[in-house]
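Visitor: Hi! I have a structure open and would like some help reading it. Could you walk me through it?

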Amino acid sequence: MATSQGPTSTGDSISLSTTPATVSAPPTVTPSVTVVQLLPLELVDKCIGSRIHVIMKSDKEIVGTLLGFDDYVNMVLEDVTEFETLPDGGSRITKLDQILLNGNHVAMLVPGGEGPSTTGGAV
């Protein structure tokens, strides 16, 4: 007896599968690092009650304890030390109990900063 491969003439039917092939996307990897957005005024707010080094637009630097501030970064500082570079190359250090600092004249804030070196280095 002979066997036949493929369709036969005896009325056999051929069945074709029409199910579509599914292609799955590669698994997405969620990074485990959490990105925390910290706005500038939020950083300043975290500094309330701690020492802060303020570098002014002029030749002054101020170190004090931050008591409060507003949206313009006007600041109230206590236990303040002001470091001023004089035109003749010298420097002057002034101690103050409490000040209100105009935020318009602030160039940079350094949380926890101790101020310029007083060992004769650059201010």
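**Strands and their partners**

Guide: Happy to! Let's begin with one pair: Ile-55 stands opposite Glu-61, a residue of S2. Please keep in mind that this is a predicted model.

Visitor: How many bridges join S1 to S2, and do they run parallel or antiparallel?

Guide: S1 and S2 run antiparallel, and five bridges join them. The connection between S1 and S2 is a hairpin through three residues.

Visitor: And how many bridges join S2 to S3?

Guide: Eight bridges join S2 to S3, and these strands run antiparallel too. For an example, take Lys-60: its bridge partner in S3 is Glu-84.

Visitor: How many residues lie between S2 and S3 in their hairpin?

Guide: Five residues lie between S2 and S3. Val-73 is found in that loop, and it has a positive phi of about 60° although it is not a glycine.

Visitor: Why point out the sign of phi?

Guide: Because most residues other than glycine have a negative phi. Asp-79 is another residue to look at: its phi is near 50°, a positive value, and it is not a glycine. Asp-79 lies in strand S3.

Visitor: Let me zoom out. What is the secondary structure of the whole chain?

Guide: The chain has one helix and five strands. Starting from the N terminus, the order is α-β-β-β-β-β.

Visitor: What share of the chain is buried?

Guide: Of the 123 residues in the protein chain, 22% are buried. S2 is largely enclosed by the rest of the structure, because seven of its ten residues are buried.

Visitor: How about the surface? What is its area?

Guide: The accessible surface of the protein chain comes to about 9,500 Å². Carbon and sulfur atoms account for 55% of that surface.

Visitor: Now the inside. How many residues are in the largest nonpolar core?

Guide: That core has 14 residues. Those with the most contacts inside it are Val-54, Ile-62, Leu-66, Met-75, Leu-77 and Leu-101. The elements that give two or more residues to this core are strand S1 (51–56), strand S2 (60–69), S3 and strand S4 (91–101).

Visitor: Let's pick Leu-101. What is it in contact with?

Guide: Leaving aside neighbours within four places in sequence, Leu-101 is in contact with Val-54, Met-56, Ile-62, Val-73, Asn-74, Met-75, Leu-77 and Val-106. You have met Val-73 already, as the residue in the turn with the positive phi.

Visitor: Switching to charges: how many salt bridges are there?

Guide: The structure holds three salt bridges. In general, side chains of opposite charge can pair when their charged atoms come close.

Visitor: Which residue does Asp-79 meet in a salt bridge?

Guide: Asp-79 meets Arg-51, at 3.4 Å from N to O. This pair links distant parts of the chain, with Asp-79 in strand S3 and Arg-51 in strand S1, 28 residues apart. Arg-51 is partly exposed, with a relative accessible area of 24%.

Visitor: And what does Glu-82 pair with?

Guide: The side chain of Glu-82 forms a salt bridge with that of Lys-60, again 3.4 Å from N to O. Here strand S3 holds Glu-82 and strand S2 holds Lys-60, 22 residues apart. Glu-82 is buried at a relative accessible area of 14%, whereas Lys-60 is partly exposed at 29%.

Visitor: Which residue forms a salt bridge with Arg-92?

Guide: Glu-84 does, with the closest N and O atoms 3.0 Å apart. Arg-92 sits in strand S4 and counts as partly exposed, at 41% relative accessibility. Glu-84 counts as buried, at 19% relative accessibility.

Visitor: How far apart are the C-alpha atoms of Arg-92 and Lys-60?

Guide: They are separated by 9.5 Å, while the two residues are 32 apart along the chain.

Visitor: One last residue: is Thr-81 buried or exposed?

Guide: Thr-81 counts as buried, because its relative accessibility is 9%, and the cut-off for buried is under 20%. Thr-81 has its place in strand S3, residues 75–85.

Visitor: What does the side chain of Thr-81 make a polar contact with?

Guide: With the side chain of Lys-95, at 3.5 Å. Not counting residues up to four places away in sequence, Thr-81 touches Glu-61, Ile-62, Val-63, Ile-93, Thr-94 and Lys-95. Among them is Glu-61, the residue opposite Ile-55 from the start of our chat.

How values were computed
Residues numbered from 1 in each chain as written. Predicted model: local features only at pLDDT ≥ 70, side-chain atom pairs only at ≥ 80, totals over all residues. Heavy atoms only, no water. Helix = DSSP H or I, 4+ residues; strand = E, 2+ residues; numbered from the N terminus. Buried < 20%, exposed > 50% of the residue type's maximum accessible area, 1.4 Å probe, protein only. Polar contact = N/O pair within 3.5 Å; in protein donor to acceptor, adjacent residues only side chain to side chain. Contact = heavy atoms within 4.5 Å. Core = buried A, V, L, I, M, F, W, Y, C linked by side-chain atoms within 4.5 Å. Areas by Shrake-Rupley, 256 points an atom, 1.4 Å probe, with all protein chains shown as cover. Salt bridge = Lys/Arg side-chain N within 4 Å of Asp/Glu carboxyl O. Pairing = 2+ DSSP bridges.
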